Amino acid sequence: MMNSVWRPYCQMKTAPPPMKIVATEGCHLIGQNGECWIDGMASWWSACHGYNHPQVRDAVTEQLHRMPHVMFGGITHEPAERLANRLAELAPDDLNHVFFSDSGSVAVEVAMKMAIGHWRRHDRPGRTRFLAFDNAYHGDTTGAMSLCDPQRSMHARYSGAITQQYHVALPRDATTEAVLERTLAAHSDSIAGVFVEPLVQGAGGMRFHDVITLRRIRDACKRHDVLLIADEIATGFQRTGKMFAVDHTADLQSPVVPDILCLGKALTAGTMSMAVTIARSHVFDSFYSDDPGAALMHGPTFMANPLACSAANASLDLFEGNPYDVEKIETILRERLSVLRDIDNVADVRCFGAIGVVQFRDPPKMQMVQDELVRRGVWLRPFGDCLYTTPPLCINEDALHRICDAMIEATRATMPRSDSPMCNQLR
Ligand SMILES: *Cc1c(COP(=O)(O)O)cnc(C)c1O
């Protein structure tokens, strides 16, 4: 049979065929023959409440019957208005101006355009470039790609075709802080803003940093009067235990409030593609004028899709009604996965919030690891030198232990085993 699908991040010639999934339920993926895998990835961090949550499903179904979509230029609707107000309420300080788009990468592009436009308004038209950090990942579109780590990222082969940005190490200590400081000082004419994934760098290597590092970044931005842009597309919505990762700085004497905040992934509880870029008032005000030409010229066809907005509103209802015990998830991941530290080939085991990471020295063939996991009834997608889990936040202890079992056994396994612990029934 012809197969016309060109798959993501995939060598089409050599990759084994993908798993065919026909249904989802709770924390599970269900295969063609009724096989059932615990989804330890929550579909790339997105399915925070698990799949097919009745409240989300009902909200989307109701919206589907009323109005699946309407253009957002010149038109508005209640689900979008309500969602924007709620996000503004949740986001710290005066992060009150919510721009909708259709994917995380586009939300990052919009943030870049906001920052460039902001400085144009303040007579700094030369400020068109950005600083980002080693191991950063900010998306796959060309602008977002330019912010990713130029050497280590999967976008290295596009170097030369994309804008060159400034990349430095995260300021974890005095030496790296000095490099950040020097770079911002040397290029203050051209740097519009600093992009950071607060506390957790995702697809660029699953690395964590602390609130002090984040505060150093904020302080450097303040000293050089450049915008701080927090990409919380992965960390948003309680993945790290707080609603947003920057909320971990709330106890500091001066909490970190980014000038622009990007959200995506779990925004619609994993049901639909949507992202937002939220600006503080001083950024919004740079576009607020009697001059039509000063407006933010952006508007994806499907922005603020009502189905996606209703899913997001239902998701926020769930967060309000039932905050997750992410600390418990972190404790279990930490306790269980730490046994892997004894293995020579394991360079590091780290856990933060509902994120558990095993990093290898000499990475085994990740396809082999994945096959081992799948055999054990768990879906994870290791990449680079990391095996990691970002389970649905609603996961029960049992399922979480099964993910840990599978990660431990798959790491230890030197040869495939034939036992097949797939669960046979749903739930
Ligand atoms: C996933 C991700 C993006 C890109 O989002 P898409 O919806 O895949 O375009 C950007 N930044 C971070 C930190 C992400 O994790």
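Which residues does Leu-87 touch, not counting residues up to four places away in sequence? In this predicted model, Leu-87 touches Val-98, Phe-237, Leu-263, Leu-267, Val-276, Ile-278 and Leu-316 when residues up to four places away in sequence are not counted. Leu-87 also belongs, together with Phe-100 and Phe-237, to the residues with the most contacts inside the largest nonpolar core, which has 129 residues. At least three residues of this core are drawn from each of domain 1 (56-321) and domain 2 (326-414).

These two domains, domain 1 (56-321) and domain 2 (326-414), are the ones given by the domain assignment of the protein chain. Their centres, taken over C-alpha atoms, are separated by 28 Å, and 15 residues of domain 1 are in contact with 15 residues of domain 2.

The ligand is surrounded by Ser-103, Gly-104, Ser-105, Tyr-137, His-138, Gly-139, Glu-197, Asp-231, Ile-233, Ala-234 and Lys-265, a shell that divides into three nonpolar, five polar and three charged residues. Among the contacts made through ligand oxygen, an oxygen atom lies 2.8 Å from a polar backbone atom of Gly-104, and an oxygen atom of the ligand is found 2.6 Å from an N or O atom in the side chain of Ser-105. On the side of ligand nitrogen, a nitrogen atom is placed 2.7 Å from an N or O atom in the side chain of Asp-231. Of the 380 Å² of accessible area that the ligand has on its own, 81% is covered by the protein.

How values were computed
Residues numbered from 1 in each chain as written. Predicted model: local features only at pLDDT ≥ 70, side-chain atom pairs only at ≥ 80, totals over all residues. Heavy atoms only, no water. Near = heavy atom within 4 Å. Polar contact = N/O pair within 3.5 Å; in protein donor to acceptor, adjacent residues only side chain to side chain. Areas by Shrake-Rupley, 256 points an atom, 1.4 Å probe, with all protein chains shown as cover. Nonpolar A, V, L, I, M, F, W, Y, C, P; charged D, E, K, R; others polar. Core = buried A, V, L, I, M, F, W, Y, C linked by side-chain atoms within 4.5 Å. Buried < 20%, exposed > 50% of the residue type's maximum accessible area, 1.4 Å probe, protein only. Domains from an automatic or database assignment. Contact = heavy atoms within 4.5 Å.
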